Amino acid sequence: MTLTLHVRISGRVQGVGYRAALQSAAQANGISGWVRNRRDGSVEAILQGGPASIESVLAWARRGPPSARVSDLKTAPAQGEFDRPYSGFEQLPTA
């Protein structure tokens, strides 16, 4: 079973290497999708993969890299344009 989740992470998550570290965690767990900064200071991601792999990445995302301070992490099933097949995991420009 493949899940596709839309994730929003808030706190001190920009300027601390969060996107690159999330990309590494996703790739290490076989997750496809993307990550990007948002202009409001949050980080947004799409995670697509098996439930156990996604849960592993979400557990990491709740902590983030050492200098990050995650205050909130919200997930929802991907909808609309985000609900499609992904191959690989990439960093996208700020939105």
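**The sheet.** I looked up the strand order in this predicted model and found an open sheet of five strands, ordered 4-1-3-2-5, with mixed pairing. I then checked the edges: strand 4 and strand 5 stand there with a single partner strand each, so one side of each has no neighbour in the sheet. On average, neighbouring strands are turned by 15 degrees against each other, direction ignored.

**Strands 2 and 3.** I took one pair for a closer look. Strand 2 (32–37) and strand 3 (43–49) run antiparallel and are joined by six bridges. I noted one residue pair here: Gly 33 has Leu 47 of strand 3 as its bridge partner.

**Helix 1.** Which residues of helix 1 are buried? I listed Tyr 18, Leu 22, Gln 23, Ala 25 and Ala 26, in a helix that spans residues 18–28. Viewed down the helix axis, these buried residues fall within an arc of 165 degrees, so they line one face of helix 1. I next looked up what they pack against, and found strands 1 to 5 as well as helix 2 (51–61). Helix 1 lies across strand 1, strand 2, strand 3, strand 4 and strand 5, and runs at about 175 degrees to strand 5. Just after the helix, I noted a positive phi of about 70 degrees at Gly 30.

**Helix 2.** I repeated the check for helix 2 and found Ile 54, Val 57, Leu 58, Trp 60 and Ala 61 buried. Seen down the axis, they fall within an arc of 160 degrees, so these residues also line one face of their helix. Their cover includes helix 1, strand 1, strand 3 and strand 4.

Terms used
Residues are numbered from 1 along each chain as its sequence is written. This is a predicted model: local features need pLDDT of at least 70, side-chain atom pairs count only at pLDDT 80 or more; totals for chains, interfaces and linings use all residues. Side-chain values use heavy atoms; hydrogens and water are left out. Buried means under 20% relative accessible area, exposed over 50%, partly exposed in between (1.4 Å probe, protein chains only). Helices (H or I, at least four residues) and strands (E, at least two) are DSSP runs, numbered from the N terminus. The arc is that of the directions from the helix axis to the C-beta atoms. Contact means heavy atoms within 4.5 Å. Two strands pair if DSSP finds at least two bridges between them. Axes are lines fitted to C-alpha atoms, for helices over the stretch in contact, and angles run from 0 to 180 degrees between N-to-C directions.
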